[in-house]
Amino acid sequence: MSDTKVYLLDGGSLILDGYHVFWNRGPGGEIRFPVYSILIEHAEGRFLIDTGYDYDHVMKVLPFEKPQQTKEQTIPGALGLLGLEPKDVGVVFNSHFHFDHCGGNKYFPHAKKICHKLEVPQTCKPEPFEMLGYSDVSFSAEAAEARGMTDQLLEGTTRANSTFEGIEGDIELAKGVKLFFTPGHSIGHYSLLVEFGTRAPILFTIDAAYTQKSLETLCQASFHIDPVAGVASMRRVKQLAEDHEAELMFSHDMENFKTYKTGTQFYG
Ligand SMILES: [Zn+2]
């Protein structure tokens with residue numbers, strides 16, 4: 001924990017309308033927002049939290065989100081900046097399976113994979129209004145088979161090497177790496193707290209709050225399975241930040257993201 005380092009892997013950006021980012025509040029108009037993954041170098045191993053979006057998938061299925069992603073902003077590219085390859089990551093944890101959080105999972109057939117126990121079943125059978133969110137099923141042979149979308153799977157992806165360990169409730173993934181169950185945005189959504197030896201902990205809201213303004217106004221995104229649970233989770237995130245005296249980091253907040261350390265810079 002004292003030598004824990006956190007790297008943010010810049011995954012490029014996407015666009016949504018303001019009424020999607022700030023549900024029923026807006027204002028409307030295009031908002032470009034960042035997508036990133038979190039690499040944790042820890043005494044117990046190398047953990048990757050989420051894997052960004054796949055450019056080709058977005059261009060094929062959601063081109064209206066106007067993806068911008070350089071080679072360095074793909075998962076192999078971002079790891080390459082650190083002198084790493086996907087095989088160097090031991091554990092992949094997904095906060096949930098929206099396409100902008102699991103697009104790079106396919107590069108990790110060797111890794112141990114963990115998620116909330118309800119997220120894979122939900123990807124196999126999403127609600128009608130969740131179809132676009134759960135449109136990239138390349139992370140799971142089980143989900144791809146259930147949806148009749150096995151064409152998305154990379155050659156070599158099998159049930160055996162794309163199976164997840166399902167968890168529930170709050171879990172400590174490794175010493176000082178804490179997952180807090182914050183459902184609402186998705187059925188099994190998690191937020192993440194990382195503790196360090198010398199600096200304040202960082203609380204990653206993930207998609208419980210896309211932006212600082214979202215949390216301040218308790219205004220969630222229009223993508224959710226249970227908005228009432230979503231509000232409760234936002235309140236919980238606020239309380240967790242207070243209790244742990246943690247620095248908050250938001251998942252899709254361009255203004256704040258510009259101040260975050262990325263590339264070879266790290267927190268720790
Ligand atoms: Zn999401």
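A residue is taken as buried when its relative accessible area is under 20%, and in this predicted model His 185 falls into that class because its relative accessible area is 4%. Asp 207, with a value of 3%, is likewise buried. Both residues belong to the coordination site of the zinc ion, where the donors are His 96 through NE2, His 98 through ND1, His 185 through NE2 and Asp 207 through OD, at 2.1 to 2.2 Å. The angles among the four donor atoms range from 87 to 177 degrees, and the site is classed as irregular. Along the chain the donors follow the spacing H-x1-H-x86-H-x21-D. Within this set, His 185, in the loop between strand 8 and strand 9, and Asp 207, in the loop between strand 10 and helix 7 (212-217), link distant parts of the chain that lie 22 residues apart.

Apart from the metal site, the model contains 10 salt bridges. One of them joins Lys 117 to Glu 168, with the closest N and O atoms 3.3 Å apart; Lys 117 lies in the loop between strand 5 (112-116) and helix 5 (119-124), whereas Glu 168 is found in the loop between strand 6 (165-167) and strand 7 (171-174), 51 residues apart. Lys 117 is partly exposed, at 42% relative accessibility. A further salt bridge connects Glu 195 and Lys 178 at 3.1 Å, N to O. Because Glu 195 lies in the loop between strand 9 (190-194) and strand 10 (202-204) and Lys 178 in strand 8 (residues 177-181), this pair ties together parts that are 17 residues apart in sequence. Glu 195 is buried, with a relative accessible area of 16%.

Note on methods: Residues numbered from 1 in each chain as written. Predicted model: local features only at pLDDT ≥ 70, side-chain atom pairs only at ≥ 80, totals over all residues. Heavy atoms only, no water. Salt bridge = Lys/Arg side-chain N within 4 Å of Asp/Glu carboxyl O. Helix = DSSP H or I, 4+ residues; strand = E, 2+ residues; numbered from the N terminus. Buried < 20%, exposed > 50% of the residue type's maximum accessible area, 1.4 Å probe, protein only. Donors = N, O, S within 2.8 Å, 3.2 Å for Na, K, Ca; no water. Tetrahedral: all angles 85-135°; square planar, octahedral: opposite > 155°, others 65-115°.
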